[in-house]
Amino acid sequence: MVSRPVLVGALSLFALRVGTVVAYDSVNSELAGTEPRLNQVFLTDGVASLAAGLFGGAPMEPTPSPTAATGMPVFSAVLFLGLMAVISGLGLVERMGRWVPLESVAGFLIVIGMFVVLPDNIGNVNRLPDAVAMAVTAFSNPFYGIVAGEAIALLEQLLPGV
């Protein structure tokens with residue numbers, strides 16, 4: 001049941017999940033003009049995913065929210081979630097889902113990653129461990145990227161000046 005590919009795949013998904021939470025909270029914070037609060041977002045995401053899992057649902061995912069840029073972000077988010085609850089309660093999600101091709105979701109994620117998150121953060125990649133992690137992730141998977149970045153950071157600490 002547990003093999004190397006399964007373990008690496010699970011750890012890669014974990015790495016992607018961490019990256020998703022950091023990236024999307026950063027986008028939302030930038031829209032709202034506030035500082036990211038990653039500890040709170042990770043805690044909320046974990047509790048929501050645990051609750052969803054207890055009821056047989058998929059883990060909850062953070063997403064960029066345009067409501068963060070409104071004059072009343074909390075009210076806007078609550079209104080949006082209320083409308084989504086009504087749509088779900090009326091059983092309209094499946095009907096509406098037929099109109100949205102799965103490929104559009106993948107396209108949305110690519111656009112968010114390549115054109116929103118990456119350009120804003122590429123200038124912050126000024127350390128060798130960050131660059132190595134990014135390159136290894138691009139050519140293999142997120143877990144190997146994190147391991148490679150951390151290995152380079154450890155080598156920098158053990159061999160200062162090299």
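Does leucine 83 count as buried, partly exposed or exposed, and at what relative accessibility? In this predicted model, leucine 83 has a relative accessibility of 48% and therefore counts as partly exposed. The cut-off matters here, because exposed means over 50% relative accessible area and buried means under 20%.

The surroundings of this residue can be described next. Leucine 83 belongs to helix α3, which covers residues 73-89. A nonpolar surface patch of about 720 Å² includes Leu83. The other members of the patch are Met72, Phe75, Leu79, Phe80, Leu81 and Met84.

The overall fold gives the setting for that helix. Seven helices and zero strands make up the secondary structure of the protein, and the pattern along the sequence reads α-α-α-α-α-α-α. The C-alpha trace spans about 60 × 45 × 30 Å along its principal axes. Among contacts with a separation of 6 or more, 52% are between residues 24 or more positions apart.

Burial and surface come next. Of the 162 residues in the protein, 19% are buried. The exposed area of the protein is about 11,900 Å², and 73% of this area is supplied by carbon and sulfur atoms. As for charge, the protein carries 6 positive and 11 negative side chains. The centres of these two sets are 10 Å apart.

One of the acidic residues is aspartate 25, located in helix α1 (residues 4-32). Aspartate 25 is buried, yet has no salt bridge. Arginine 37 is the nearest side chain of opposite charge, at 6.6 Å from aspartate 25. A salt bridge requires a side-chain nitrogen of Lys or Arg within 4 Å of a carboxyl oxygen of Asp or Glu. When neighbours within four places in sequence are left aside, the contacts of aspartate 25 are Thr20, Pro36, Arg37, Leu38 and Val41. Arg37 is thus in contact with aspartate 25, although the pair forms no salt bridge.

Glutamate 94 is another acidic residue, and sits in helix α4, residues 93-97. Is glutamate 94 buried or exposed? Glutamate 94 has a relative accessible area of 58% and so is exposed, whereas aspartate 25 is buried. The cut-off for exposed is over 50%. Glutamate 94 also gives a view of the extent of the model: its C-alpha atom is separated by 57 Å from that of leucine 159. These two residues are 65 residues apart along the chain.

Key
Residues are numbered from 1 along each chain as its sequence is written. This is a predicted model: local features need pLDDT of at least 70, side-chain atom pairs count only at pLDDT 80 or more; totals for chains, interfaces and linings use all residues. Side-chain values use heavy atoms; hydrogens and water are left out. Helices (H or I, at least four residues) and strands (E, at least two) are DSSP runs, numbered from the N terminus. Buried means under 20% relative accessible area, exposed over 50%, partly exposed in between (1.4 Å probe, protein chains only). Contact means heavy atoms within 4.5 Å. Accessible areas come from the Shrake-Rupley method with a 1.4 Å probe; for residues, only the protein chains shown count as cover. Lys and Arg count as positive and Asp and Glu as negative; His and the chain ends are not counted. The place of a charge is taken as NZ of Lys, CZ of Arg, CG of Asp or CD of Glu. Patches are made of residues with over 30% relative accessible area and no salt bridge: like charges are joined within 9 Å, nonpolar side chains (Val, Leu, Ile, Met, Phe, Trp, Tyr) within 5 Å.
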